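Trainee: Could you take me closely through a single part of this model, one helix contact, and then through the ring pairs? I would like the criteria stated along the way.

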Amino acid sequence: MDEKQALEANGAAAAVRPFSESQPPVENTGDLKENRVSIEKVGTGTDVEEEEDDLYRPLLMDPSIPHEENPLTIRAVVIGCVLGSLVCASNLYLGLKTGFTFSANMFGAIFGYGVLKLLEKSGGNIPFIGGVFGPQENSIVQAAATGAGGTGGIFVAAIPAMYRLGVMGEGNSPKDDIGAIFTITLVCSFIGIFYVTPLRKFFIIQVARELKLMFPTPTAVALTIRSMHAGAAGSIEAVKKLKCLGICFIGALVHRVGSYYAIGILYDWHVFTWIHIWSGYTSWAMNIESWGWYFEWTPAFIGSGILIGLNPAISMFAGSVMAWAIIGPALVHYGECIGIQATDDPKWDGYYSFSSLKNLGKQTPSPRYWLLWPGVMVMVCSSMAELFVQYKAIWSGLKSVWNQSCGGINDMLVSRGKTNAFFAKHGSNQVKDENVVEDPFPPEQQVKTWMWALGLLVTLVAAMIIFHFQWDTHPGLTILAVILAFLFSFLAIQIGAVTDTTPLTARPKASQLIFGGATSHSGYSVEHAQKINLVAGALASGGADMSTALVSDFRTGFLISTPPIKQWIAQSIGSFVSVWLGPGLFVLFTSAYPCIWKPFTDEEEAAGAHCPFLVPSVSAWAAVAQAVTDPNVSIPLKSGIFAIVMGVVSIIQVVVRHFWLVGEREKYRKWLPNWGAIALSWVIPAPVFANAALLGAIIAALWRKYNMRTWDIYGYAVAAGFIAGEGLGGVVGAILTLAGVDGNTYGSMIACPVDSC
């Protein structure tokens, strides 16, 4: 695989982003040390010319592409918002099931190309529909899609966690609290966009080469857009990608909807339940079934396995074996943890639930609660270790920010006929390098200072008012949340630009720990402290997520030569759409499946009630909030010891990999376990998703090995189609449930344990 293929593989793989619990680092499939890529420039003829692109400057485009006077078109924004809405719906469904969400940039780029190419050919000169379609307009589509698909995070973690802890709504359902949900979504969506805008030039242009900020995923999106617009050959390959994505999208959608009516046959294969039935209802098979060992034909997680590669997938599967085949059963055997009999029906004797998070601090915990803390500890330790091993880059970045700030102040003073020796001295320390790229966009194409400054001021004031009156949060704590969001953003963008792995876990957990300390001994009741912990953590994490997405869009637009103001407006419009779409979808899902926000009672569970959503992120946020605010909730001693040991082990591995496995020894890095993926498997209370991801990773590995050419064309389109298709199928399933025509009413639960899947 050449370097261009490596970058595209690395970037496309990073399109899968587990939201809050972890992001398993993607499998690096090539050497990107030189940060230069050999590109085949395909013209309109048959000659192929080898060129080298400097990926710290705008890409060289096909000279036959017409000039795009205004790429920010109505059709591009509308199509981008529609595609982003599909991803938003998918993210809510998949995030509630597993804690994962997915980026909309690659999906929007490929699908947007197909739709706008069709409009270009059929629209003629029709206003707003016809007209030439170029790469800059393509980048606008993916920017709008990224904005529209990016606010699902708070709905798969903090908000349902507040309902589960009883600190929101006072008996209301999410439908009753829709106004409050709209307002927190609005603040979380825009606060990050406004405060990160002035950092565009710093991250994308001024220090990118010095700090080796490659931004693999946004760069891969830009390369994909350029390749699709590279003459006739690029157009042919783009059509192939589009057809493949569409077929997989529709296939996954139909499969998911159809499976609701025969879920034990088309979706969940409970092999040990089958053995239990065939063997005359013996209990040993149900003991294994109780730990979640079945296979789920989930296109989304087969697709995610295609993207993440073998190392994270194998690590995740190995972690599941450790947790749910070794550690968990041993804990129950020795009385450290307990399981709950799932039903009184003697036919299903031996079927237990080991995932309860009820009555914490009042009874012996479940294996899920015991394993939650080692999982969280390893995620935080490995993420923070990855952050701190980049200390040189962080220090250089901080110095550069300081020097540029001093230089800007000095220039302002000089323009007024004044001088200051301090600012003049430190401002002159800015790096002077002949390779430094000048911003290619004139001032009129930049985001105006008044736009982001006024927006930030208004949003900050609105946040303090909204959080004070709706969430009983002191304005000072709201400002603290915004400051944390900014700091998390600065670090996450810089580390993600180098490694393509952002510390998603560290952000929410660190904010929860900080707010736990901020509210302790301050006279707050436990419920009030938990509400502040979750809502402030949501603001800090949500703001950091949106700011990271915007800088990624700026990187893609920079390479494609799209004016920053156009990118900024497109993502802002997409984000505004998601402010209304996200809460609406959340109400849809919680109305169809109340178990998302209101767990089943013991009586309902004993009667065989089953929730189709595992909500691992919700459980983790709620558990951390309880642990840092409720003196009656404690971490089991042995769980805490094991968590500390595993956290230290994960830190040691990061240090060894970064400082010792270099040079000739770098080839051994691929054999190291992925501790982020292992920890994720300890948090998700079943190994079912690890099984599906491993299958997808094996398929991708064999595909790459035996037919690399077709993989380059179809591989990521298959994965993107599978992921988005199943997610939308989940939305259709919620609608069918509300209409009373779902699988529970007209389908069959044959081959399911306790006659329920």
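**The contact of helix 2 with helix 28**

Mentor: L86, A89, S90, Y93, L94 and K97 in helix 2 meet I723, A724, E726, G727, L728, G730 and V731 in helix 28, where contact means heavy atoms within 4.5 Å. These contact residues divide into eight nonpolar, three polar and two charged (Ala, Val, Leu, Ile, Met, Phe, Trp, Tyr, Cys and Pro count as nonpolar, Asp, Glu, Lys and Arg as charged, and the others, Gly among them, as polar). Helix 2 spans residues 74-98 and helix 28 residues 708-739, and the two pack at about 80 degrees with their axes 7 Å apart; helices are DSSP runs of H or I with at least four residues, numbered from the N terminus, and axes are lines fitted to C-alpha atoms over the stretch in contact, with angles from 0 to 180 degrees between N-to-C directions. The two helices are therefore roughly perpendicular, a label for angles of 65 to 115 degrees.

The model is predicted, so local features need pLDDT of at least 70 and side-chain atom pairs pLDDT 80 or more, while totals for chains, interfaces and linings use all residues. Residues are numbered from 1 along each chain as its sequence is written, and side-chain values use heavy atoms, without hydrogens and water.

Turning to the rings, the count comes to 30 aromatic pairs (ring centres of Phe, Tyr and Trp, the last by its six-membered ring, within 6.5 Å). Y195 and F486 have ring centres 5.6 Å apart and planes at 75 degrees, so this pair is edge-to-face, the term for planes over 60 degrees apart. Y195 lies in helix 6 and F486 in helix 19, 291 residues apart.

Technical notes:
Parallel < 35°, antiparallel > 145°, perpendicular 65-115°, else oblique.
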